[in-house]
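New to this one? Here is a quick, informal tour, so have a look at the picture first and then read on.

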Amino acid sequence: MIEQTAAAPPSKVLAMAERRKAVEAVRASNRTVKDAAQNAVSGLRNAINAARELAGSIMAGGGVVIVIVLVIFLAGLLIASPFGLFFSGEDHGTGYSMPEAVAQLNGEFTAQLEQIQAEIPHDTLDLDSTAASAMISNWNNVLAVYAVYVAADETDPHDVAMLTEETFSVLRDIFWKMNEISYFTESIPHTEIIQNEDGEPEEVTTTETILHITVTVKDYQQMADEYGFNAEQKELLEELLRPEYQELFQALTGSSQSLTLTPQEVQEIMERLPDDLSEERRQVVLTAYQLLGKVNYFWGGKSLVLGWDSRWGTPQKVWASGNSSTGTVRPFGLDCSGFVDWVFYNISDGEYVIGHGGGAAAQHSYCSDISWSEAIPGDLVFYPGDSHVGIVCGFDEGGNVLIIHCASSANNVAVTGKSGFVTVGRPNYYS
């Protein structure tokens, strides 16, 4: 008797055939990985073609295994191409990461502006108002040009997924070519009539020296021409700068950062809080900790933005008066009251500004004074004369109060003891 085997349904036979076809496509395409390192454009096209074939097989029932193969395969090709740029967000053992490199170059840019202002005598500064914002928006262009220049070099390609001392030097060179600072001074005479010692009108002429600073910003098309990119390299530049990659660029340039605390960080913070602390106050403390070490001190810096403010870390002119930094260009951030405002604005989903538009003194006016023995996390603390403000964020092992504040001394959001703080206020927000 001949044993018969049930025939597989036509749809399953088709799926099996498509799966085999897909696997063969992967094997064939994998042989191009080595070549892709030498020719990124070709490798990327092979990856896209393979993805399309595999996507078809998945739709026909290719299954999870094919998806895994696809991910591994595409990751290999993308890392070897200019798209490896998007894998450079972490230090891969070289001592460099792209966000740190961007921050350093932003700092160098700011330092050069400050050096020009310090070394060139002037009465009035005319800083191109679009200079900083143009440089900021130009970072995507800078990184795209860098990725193609390094990874798609026809003679000596390098991996852009890993930032090294050599490739960082290339990045710096491209950055300054695309953001060139120039300056000149202008002398303008001013004549006015004053009364002399005899009470007679006298004409007096003074000279005003104006320092003009301008930033010449180049886009990726100008640099493609300057570097002599071929048609395929230009095509790849266009692909890198498509809108769907905007969030990936933001992660590299620091214009977008995750404010999520890790479970370990949350646990460490909670250990410094009283067990009976209200959930509302816990959220104040946890929200404040989201900016710890991440936002520079900036005199007059405010931000009513939910989440990360894309301006933070970018060069801005200090416009608020009354400080030694006034008129200089520094990485934008928050001042002490701006930090407290941001915290309460975020925990209230944008419904409450604790200072109602004012600074530390205004914030204090919306609090009830209490003693240090009554202070619990979430309360505010102030320097004499309300010259500085912070938030009680817990207690150390000895029971001493811990304060989180945006401190000019640390040039960042920091946690310290209560040194310098003299009064405690309980925000009316809680009642």
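Let's start with a small spot in a loop: Asp386 sits between strand E7 and strand E8 (389-395). Its backbone is a bit of a curiosity, since Asp386 has a positive phi of about 55° without being a glycine. Keep in mind that you're looking at a predicted model. For the big picture, the protein has 431 residues, and 42% of them count as buried.

**The overall fold**
- The secondary structure adds up to 15 helices and eleven strands.
- Take the contacts between residues at least 6 apart in sequence: 66% of them join residues at least 24 apart.

**Loops with something to show**
- Asn411 is another residue with a positive phi, about 50° here, and it is not a glycine either.
- You'll find Asn411 in the loop that runs between E9 and E10.
- Asn411 has a relative accessible area of 38%, so it counts as partly exposed.
- Ser373 belongs to the loop between strand E6 (367-370) and strand E7 (380-382).
- With a relative accessible area of 71%, Ser373 is exposed.
- Follow the chain from Ser373 to Val424 and you cover 51 residues, yet their C-alpha atoms are 9.7 Å apart in space.

**A serine tucked away**
- Ser88 is also a loop residue, placed between helix H4 (64-79) and helix H5 (98-119).
- Is Ser88 buried or exposed? Its relative accessibility is 1%, and because buried means under 20%, Ser88 counts as buried.
- Setting aside residues up to four places away in sequence, Ser88 touches Ser97, Met98, Pro99, Val160, Ala161 and Leu252.

**Where two helices cross**
- Helix H8 (residues 165-178) and helix H9 (residues 220-227) have axes that come within 11 Å and cross at roughly 115°.
- The crossing of H8 and H9 is right-handed.
- Which residues meet there? On the H8 side they are Asp173, Ile174, Lys177 and Met178, and on the H9 side they are Tyr220, Met223, Glu226 and Tyr227.
- Sorted by class, this contact of H8 with H9 has five nonpolar residues, three charged ones and no polar ones.

**A glutamate in helix H10**
- Glu239 is part of helix H10 (residues 231-240).
- Beyond its neighbours within four places in sequence, Glu239 is in contact with Phe83 and Tyr245.
- Glu239 and Ala144 are 95 residues apart along the chain, while 9.4 Å separates their C-alpha atoms.

**The second largest pocket**
- How much space lies in the second largest pocket? The figure is about 290 Å³.
- The pocket is lined by 21 residues, and the closest to its centre are Tyr297, Cys336, Ser387, His388 and Ser408.
- Three elements each give at least two residues to the lining of this pocket: helix H14 (336-347), strand E9 (401-407) and strand E10 (412-416).
- By class, the lining has eleven polar residues, eight nonpolar and two charged.

Definitions and conventions: Residues are numbered from 1 along each chain as its sequence is written. This is a predicted model: local features need pLDDT of at least 70, side-chain atom pairs count only at pLDDT 80 or more; totals for chains, interfaces and linings use all residues. Side-chain values use heavy atoms; hydrogens and water are left out. Axes are lines fitted to C-alpha atoms, for helices over the stretch in contact, and angles run from 0 to 180 degrees between N-to-C directions. Helices (H or I, at least four residues) and strands (E, at least two) are DSSP runs, numbered from the N terminus. A crossing is left-handed if the near helix is turned anticlockwise from the far one by less than a right angle, and right-handed if clockwise. Contact means heavy atoms within 4.5 Å. Ala, Val, Leu, Ile, Met, Phe, Trp, Tyr, Cys and Pro count as nonpolar, Asp, Glu, Lys and Arg as charged, and the others, Gly among them, as polar. On a 1 Å grid over the protein atoms alone, a cavity is a set of points where a 1.4 Å probe fits but cannot get out, and a pocket is an open set with protein on both sides within 12 Å along at least five of seven lines; lining residues have an atom within 4 Å of a point. Grid points are joined across faces, edges and corners, and a volume is the space filled by probe spheres set on the points. Buried means under 20% relative accessible area, exposed over 50%, partly exposed in between (1.4 Å probe, protein chains only).
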